[in-house]
Every structure is written in structure tokens, then in C-alpha cells.
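This briefing is for a reader who has the sequence and the structure at hand. Please look over both before reading on.

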Amino acid sequence: FSETLKETRPTAINLAWAVDRVISLVKGQVESMSSMSDVVDLIMKEAIIIHEEDVSLNRRMAEAGATLFEGQKNIRILTHCNAGALATGGLGTALGVVRKLHENGQLERVYADETRPLLQGARLTAFELHEDGIPVTLETDNMAAYAMQHGLIDAVIVGADRITIKGDVANKIGTYGVAVLAKFHNIPFYVAAPYSTFDFTLENGSDIPIEMRDDYEVTSLHGVQIAPNGIDVLNPAFDVTPHELVTAIITEEGVLKPNYEESIDKLRQIVESK
């Protein structure tokens, strides 16, 4: 069952990290347990611990990310997909930094890409920022270039589903395009992700498995067909942004900067020494 659960998210590594952590704990204590109820209790306790850790590390990431904007005011952030409270156990990763900047009085506005085809930006990111009273402007994905060209964006902050030891970043489809645009317009491109997002078994982003999803997500919009019957569809759920396009990676242990192989290895040493 654990392998089946992990296979539901082949690109994102956090689920596999959590499942492996729980399985390892159970294997280490199963002989001392008298019933399945004891096993379930152990799993529940560990799940709560993971949640509480997530709340804490999101707060630490927010504080670390805010240091990248010291002395700046009226900051305008572009984000892609949802890396907020609806996707994590706390403030969020990318949106945790946004919330900290808002708390500090430094944030002017967030521009949220709609994130086709499932519209996580429109349905989730725009919703939670609006509900929290944080100024947010929704745009379609193909408007990001316009926003950058017209000087509306000061920085990009996104989350991540998997990061290799070279610093290549897998995130929601469309992230790579945003990173290319940011590079052209000399806009910093930041990734916010906890230690559990790093995959120390992979060196290159090309080795990250990319989940391919159903055609109907592209050919339909909220149940309304928008494309011809029988049309061929390409629908990867994620893409990979090469480390050369990443300005910095924000973690709960601080901000990582190039050379990423060195800074990510130092992160690993810090976490494993605790």
C-alpha cells in the first residue's frame, strides 16, 4: 500500500519522504506492538509531528525569505501555482514569504498566474490571498511576460515539488517558462522549499519523473469541452527549471545560493547533524 500511495505523486517527493519516514518508524517498533490499533496510533502520532514540523519550518522559511528583501518597499511578487496554506501545514512556502513581507509592510501586490490547466492559481492562490486581505491580481499564464515587460514585477517566488543536488527544480507546469522570462527581464527568481523537497539520489533535473495527466484537463474547462473531439494532447503536470535560472533557494535553514551543489550539500549536513 505504501508504494501505491507514493506512486500517486511520481514527481513530488514530499509524499514519498513522509511515507518512508512513517514506514521506517513502524518497522522499528512493530515487534513491541500488541495490536493493529497500536500501529495506527503510532502512525497518527507521527503524522501530527510531521504537521507540527511543517508549521514551524514554513515560519522559518518565511523569515529566511524575507531577508532577501531587506530595505525594500512596495514589492510586487509574481507566483505560479499554489504554494500556500492550502498546500502545506502552515503559512506556505512561497506564500509564507509573501505573508511575511505583507506583515512587514513591504508588500505592494502579488500577481498570481491562473496556472492552467487545473487553475490552482485562480482557485487556490488568489482565493487565500484575497481572503487574508493581501492585495492580489489574477492573470492568465500568458500575461506574465506582459507584466514583466511593463515593470510590474520585482521578483518571482514559487514553490517546488522536487529539487536535485544540482539545484534543478521541478514545479507545476509553466514554472520553467516564468523562469526564462524572469531571466530575460533581469528579475530574481526564487524557489521556496523545505528540506523534504530535496532528492539526494538525483543529480540532474532530466532524471525527475514527470507526471502526465488526462487529456480532458486540457480539452475541457470545468466540464465544458473547448477542443475538437479526438485531438492529440500534451499534458505534463510539471516541468523542470534548470539551476542556472534560479537566483536562490529559500529553506527552513536559510537561503541557498549558487554553487548549489555546495550549498545543498551543506544543507544536508546541517539537517542530518541534528
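The points below cover one helix and a selection of salt bridges.

The model is predicted. Helix H3 takes up residues 36-66, and the salt bridges come to a count of 16. Three of the pairs are described here: Arg76 with Asp154, Glu103 with Lys100, and Arg268 with Glu272.

**Helix H3**

- Helix H3 has 31 residues, and the distance from its first C-alpha to its last is 45 Å.
- That span is close to the 45 Å expected at 1.5 Å a residue.
- The buried residues of H3 include Val39, Leu42, Glu46, Ile50 and Leu57.
- Further along H3, Asn58, Met61, Ala62, Ala64, Gly65 and Ala66 are also buried.
- Two other helices are among the elements that cover these buried residues, namely H2 (14-29) and H4 (94-103).
- Strands S7 (189-192), S11 (248-251) and S12 (254-256) are also part of that cover.

**A salt bridge between distant parts of the sequence**

- Arg76 and Asp154 form a salt bridge in which the closest N and O atoms are 3.0 Å apart.
- Arg76 belongs to strand S1 (residues 75-79), while Asp154 sits in the loop between helix H6 (144-149) and strand S4 (155-158), so this pair ties together parts that are 78 residues apart in sequence.
- Arg76 has a relative accessible area of 18% and is therefore buried, the cut-off being under 20%.
- Asp154 is partly exposed, with 28% relative accessibility.

**Salt bridges within a helix**

- An α-helix has 3.6 residues a turn, so residues three or four places apart point the same way.
- In helix H4, Glu103 and Lys100 are 3 residues apart, about one turn of the helix.
- Glu103 and Lys100 form a salt bridge, with 3.3 Å between the closest N and O atoms.
- Glu103 is exposed, since its relative accessible area is 60% and the cut-off is over 50%.
- Helix H9 (residues 260-272) holds both Arg268 and Glu272, which lie 4 residues apart, again about one turn of the helix.
- The side chains of Arg268 and Glu272 form a salt bridge at 3.1 Å, N to O.
- Arg268 is partly exposed at 31% relative accessible area, whereas Glu272 is exposed at 52%.

**A network**

- Glu3, Lys6 and Asp20 are joined into one network by salt bridges that share partners.

Methods
Residues are numbered from 1 along each chain as its sequence is written. This is a predicted model: local features need pLDDT of at least 70, side-chain atom pairs count only at pLDDT 80 or more; totals for chains, interfaces and linings use all residues. Side-chain values use heavy atoms; hydrogens and water are left out. The expected span of a helix is 1.5 Å times one less than its number of residues. Buried means under 20% relative accessible area, exposed over 50%, partly exposed in between (1.4 Å probe, protein chains only). Contact means heavy atoms within 4.5 Å. A salt bridge is a side-chain nitrogen of Lys or Arg within 4 Å of a carboxyl oxygen of Asp or Glu.
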